[in-house]
Amino acid sequence: MQTVESMEDYYGIINRCKAGLGRLGTNNYMFPKALERYVRLKRMYYEEIGQGLIFYLDEERYYQAYYYLAEHADASDFAIGKKDKPILLQHIYKENAKNRLFRYAEQSLRKSGFERKSVSRHAVLEQPEKIYGTLERSMRGIQKLFDQEGFVYQCVSGQQLSDVLAFRAQIREIPYYQIPYFTRDELLEEACAGRLCCITDSAGHIAAARHLIVDGQKAYGWVGVQEAYKKRYGMAVVFLYHALQYVQENNIWMCSWVERENTDSIQYHERIGSVWTGHLKDEWILGE
């Protein structure tokens, strides 16, 4: 793999490939600003393959891969080899309308040893103000319980960051390949902006945490609650309440990717008013 040194370098690599192979298809859906960040951090690499290019974003515990392939490519010409850490490759598409490129790529991914880990449905919360109003009526009771038990909701401080990251690493429901890389300084900026928050218990230990990750005009992210606190304290409600407050103030959409087989999560999203957009995401992993 070779390092992409600049955005000019990035576009030049693609244009040279296009000049030799013609029109290219890709699974890259990222905004230029997001790609520029990886270039700046020296975390974008590339390699040439028979019918195109593979770009790799270093997410610390794994690489995320994006390909640019000639539209006439043959499955025998497309292969991705194992690296020094697992590789994640995603396809996002309209349900029942997966294009020829993705279908072809899947054949090659299987030949390369990739395993499809999940298929997720995309949801958007279209009326955040509606569920926000409902939750607002519950917050007084939850805050009273928090005061009684010594729980505190707060933005993550520099002193708490290592503990929050350790807590995140042990959340069983969040696979490591669904956690994007942030530097320590970036995480502290996320906290200052109100997007990285936690709840501490009476001893100051991390009881729960949430990261609301904004991508363009959409917000995703993760939430984790210690097992002992899941059922009666309303911590997930507190995080949702503050997240809804944030998306409304900043005029962005609250979105989710929900595994197609996760009935509980599907029912939860439908209960709060999320609407399925009809888009699916396949997650393929190599090298676990």
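I looked up A219 and found that its bridge partner in β12 is M254. The model I am reading is a predicted one. The two strands concerned, β11 and β12, run parallel and are joined by 2 bridges.

I then checked what else pairs with β12. Strand β7, residues 115-125, pairs with β12, residues 253-259, in the antiparallel sense, and I noted 6 bridges for the pair. Within β12, V258 is the residue that stands opposite R121.

**M254**

Which residues does M254 touch, leaving out those up to four places away in sequence? I listed A123, V124, L125, L212, A219, L240, A243, L244 and V247. A219 is thus on the contact list of M254 as well as being its bridge partner.

M254 also came up when I turned to the largest nonpolar core, which has 30 residues. The residues with the most contacts inside this core are M254, F151, I199, M235 and L244. I looked up which elements supply at least two residues each, and wrote down α4 (128-149), β9 (196-200), β10 (206-215), β11 (218-225) and α7 (235-250). The largest share comes from α7, with 9 residues.

I found a second core, separate from this one, with 23 residues. A65, I80, Y93 and W284 are included in it.

**Helix pairs**

Next I went to the helices. Two packed helices are described by the angle between their axes and the distance between the axes.

For α1 (residues 7-21) and α2 (residues 32-40) I noted an angle of about 110° and axes 10 Å apart. An angle of 65 to 115 degrees counts as roughly perpendicular, so I entered α1 as roughly perpendicular to α2. On the α1 side the contact is made by M7, Y10 and Y11, which meet P32, L35, E36 and V39 in α2. I sorted the residues of this contact into 6 nonpolar, no polar and 1 charged.

For α5 (residues 161-169) and α6 (residues 184-192) the angle is about 95°, and the axes lie 11 Å apart. I therefore entered α5 and α6 as roughly perpendicular to each other too. Here L161, S162 and L165 in α5 meet R184, L187 and L188 in α6. How do the residues of the contact of α5 with α6 divide into nonpolar, polar and charged? I have 4 nonpolar, 1 polar and 1 charged.

How values were computed. Residues numbered from 1 in each chain as written. Predicted model: local features only at pLDDT ≥ 70, side-chain atom pairs only at ≥ 80, totals over all residues. Heavy atoms only, no water. Axes fitted to C-alpha atoms, helices over the stretch in contact; angles between N-to-C directions. Helix = DSSP H or I, 4+ residues; strand = E, 2+ residues; numbered from the N terminus. Parallel < 35°, antiparallel > 145°, perpendicular 65-115°, else oblique. Contact = heavy atoms within 4.5 Å. Nonpolar A, V, L, I, M, F, W, Y, C, P; charged D, E, K, R; others polar. Core = buried A, V, L, I, M, F, W, Y, C linked by side-chain atoms within 4.5 Å. Buried < 20%, exposed > 50% of the residue type's maximum accessible area, 1.4 Å probe, protein only. Pairing = 2+ DSSP bridges.
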